[in-house]
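Visitor: I'm new to this one. Can you walk me through it?
Guide: Sure, here it comes.

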Protein chains: 2
Amino acid sequence: MTEQTNNKERILQCALKLFSKKGYDGTSTMDIVNTAQVTKPTMYHYFGSKEGLLSEILEQNYTALSAKLKEAANLPQDISLTFYRIARVYFDGARENLDFFRFRMGLMLRTGEDAAYLCARKYIEEEYAIIKDFFDNATKQAGNLAGKESLCTITLIGVLNAAVSAYLYLEDEAMLSDETIYKLRQQFLHGIYS
Amino acid sequence: MTEQTNNKERILQCALKLFSKKGYDGTSTMDIVNTAQVTKPTMYHYFGSKEGLLSEILEQNYTALSAKLKEAANLPQDISLTFYRIARVYFDGARENLDFFRFRMGLMLRTGEDAAYLCARKYIEEEYAIIKDFFDNATKQAGNLAGKESLCTITLIGVLNAAVSAYLYLEDEAMLSDETIYKLRQQFLHGIYS
DNA sequence: CAAACTGTATACCGTTCGGTATAATGCAAG
DNA sequence: CTTGCATTATACCGAACGGTATACAGTTTG
C-alpha cells in the first residue's frame, strides 16, 4: 500500500490550507495528517517537526514569490510600468495560490514572537528589501523621489496588500483586474483626485 | 489577601500583552494567570472562558478606537484635515496602546476562521465602515471622488496600517510624527512625485 | 536471494491544554 | 455577629497536544 499519489506533496498542500484558515498555532498535527489522509509518523518522516513543515511551506512559496517580484522590479527607469508588474505579481499570486496568500497576509503586519511569524520574518524582510531596492534605483535615475524611498516602499506594499486583502475578503476577482491596478497606480503616482 | 490592586484589570492587561506577542492561540491560560499572578479560577471567575477574556479586551479597546475614529472622520468637507485627524488617531493609539495595536495589526489582514479573527471581525468591519462613510459623504460635497470611495477606503487604511506596522517594527517614534503624516497625506492626495 | 533503505502503520509517550468542583477567605448589610 | 455575596486558592479533570518507539511492507541494490 505504498505511494498513493505522493503523500509528501499532499501533506504540504493540506497543511498550507489549514494554516491559512486556522492559523499555525490553531492547526494541530492531527488536523493535518487526517486531512492529508496519512499517519503522524509519515508526516514526521518527511518534515521532522511541525515547524519543519512550516519552514518548507514558507521556503517553497516565498522563493517563488521573491523570484517573480525581483523580475518585476528590475526596471528602475519606469516606475509606472513597474507598479503594474509588481501589482500583477501579487494579484496573480493571490488568484493562483489563494491559500498561501491568505496565510501570508496573516503574517504580514505582525511584529511579535509567534512561531509562524518568526519563521516567515526573513522572507517578509526580503520582500521589503526588493521593493526598497527598486525605489533606491529609481531615485538614482529620476531624482525627484529622493528621501521618499522608504515611505514609498511602505505605502506601495501597504496599498497592494490592502487590495489583495480586500480580494480575499470579498472573493471578487474584479479586485484583481487590470482596471483595479490602473486605478491604484493612478492614485499612487498622482493622488486620489487625479 | 484580597484585592491586591485589582486583579481583573491586571488580567486584561497581561492577556493583551501576551496575545499581542504570541498570538491568541499561541498564548495559554496558564501563561496569562502566571503573568498576572492570579490563579485560573480567578480568571475564569471574571471572564468565563479564554474567549470571554478576548472578547472583553477587544470590546474595550475597539470601542475607544472607533469613537475616536468617528470623531476624526466627521468633517467630510475637508479631506486633507480629515486625513491628518485619522492618521493621528491611529498614530496616537499605536504609541499609547502599543500592545493593542500590535494585536490589532496581526488580525487586520486576516480572512480565515481562526478564533481571534472571528471575534475581532465585526470591529474591523466597523472600522472600514467609518472610513467608507467618510468618503461617501466627501463625494456628496466634492464629487470628484465619485466611484472611488471603496478604493480610497482600502488604500487609506492600507497606507496608515502599513505606517503603524513600520513603527511597531522599527520602534522609531519619528514614524508617528506630524512630519510623517504630512508626507503620507501629500502622497495620498497628490501622488508620490508631488 | 539477502541486505539495506524508504515509507507507512499501530500504539503509545509525557506534557499541556482549557476548564472546574470544592472550599476557604474577606467584607458589607441586616 | 451572622448571613450572604464576591473573590480567591487547592487540587484536579478529560481531552488534545506535539512527538516517538517499534515493527513491517516494498523496492532497490549487492
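Visitor: How many salt bridges are there between chain B and chain A?
Guide: The count between chain B and chain A is 0. A salt bridge here is a side-chain nitrogen of Lys or Arg within 4 Å of a carboxyl oxygen of Asp or Glu. This is a predicted model, where local features need pLDDT of at least 70, side-chain atom pairs count only at pLDDT 80 or more, and totals for chains, interfaces and linings use all residues. Residues are numbered from 1 along each chain as its sequence is written, chains are lettered from A and ligands numbered from 1 in the order in which they are written, and side-chain values use heavy atoms, with hydrogens and water left out.

Visitor: How many residue pairs are in polar contact across that interface of chain B and chain A?
Guide: The rule finds 18 residue pairs, both residues at pLDDT 80 or more. A polar contact is a pair of N or O atoms within 3.5 Å; within protein, one must be able to donate a hydrogen and the other to accept it, and residues adjacent in sequence count only if both atoms are side-chain atoms.

Visitor: Which helix gives the most to the side of chain B that touches chain A?
Guide: H8(B) does, with 13 residues. By class, that side of chain B has 21 nonpolar, 16 polar and 11 charged residues. Ala, Val, Leu, Ile, Met, Phe, Trp, Tyr, Cys and Pro count as nonpolar, Asp, Glu, Lys and Arg as charged, and the others, Gly among them, as polar. Helices (H or I, at least four residues) and strands (E, at least two) are DSSP runs, numbered from the N terminus.

Visitor: What area is buried between chain B and chain A?
Guide: About 4300 Å², and carbon and sulfur atoms give 61% of it. In chain B, Leu109(B), Ile192(B) and Tyr193(B) lose the most area to chain A, together 18% of what that side buries. Buried area is the accessible area (1.4 Å probe) that two parts lose on being put together, summed over both.

Visitor: And how many residues are in contact?
Guide: 48 residues of chain B touch 48 residues of chain A, with contact meaning heavy atoms within 4.5 Å.

Visitor: Switching to the DNA. Which residues come nearest to strand C?
Guide: Of the 18 residues around DNA strand C, they are Asn7(A), Thr29(B), Lys40(B), Tyr44(B) and Lys50(B). Near means that one of a residue's heavy atoms lies within 4 Å of the molecule or strand.

Visitor: How far is Lys50(B) from a phosphate oxygen there?
Guide: An N or O atom in the side chain of Lys50(B) is 2.9 Å from a phosphate oxygen of DNA strand C. For Ser28(B), that distance is 3.0 Å. For Thr39(A), it is 3.3 Å.

Visitor: Which helix gives the most to the surface near strand C?
Guide: H3(A), with 4 residues. The residues of that surface divide into 6 nonpolar, 9 polar and 3 charged.

Visitor: Now strand D. Which residues come nearest?
Guide: Of the 17 around DNA strand D, Thr29(A), Lys40(A), Tyr44(A), Asn7(B) and Tyr46(B) do. Tyr46(B) also has a polar side-chain atom 2.7 Å from a phosphate oxygen of DNA strand D. Ser28(A) has one at 3.0 Å, and Thr39(B) has one at 3.3 Å.

Visitor: What does the protein meet on strand D, by atom type?
Guide: Of the strand D atoms within 4 Å of the protein, 57% belong to sugar or phosphate and the rest to bases. H3(B) brings the largest share of the surface near DNA strand D, 4 residues.
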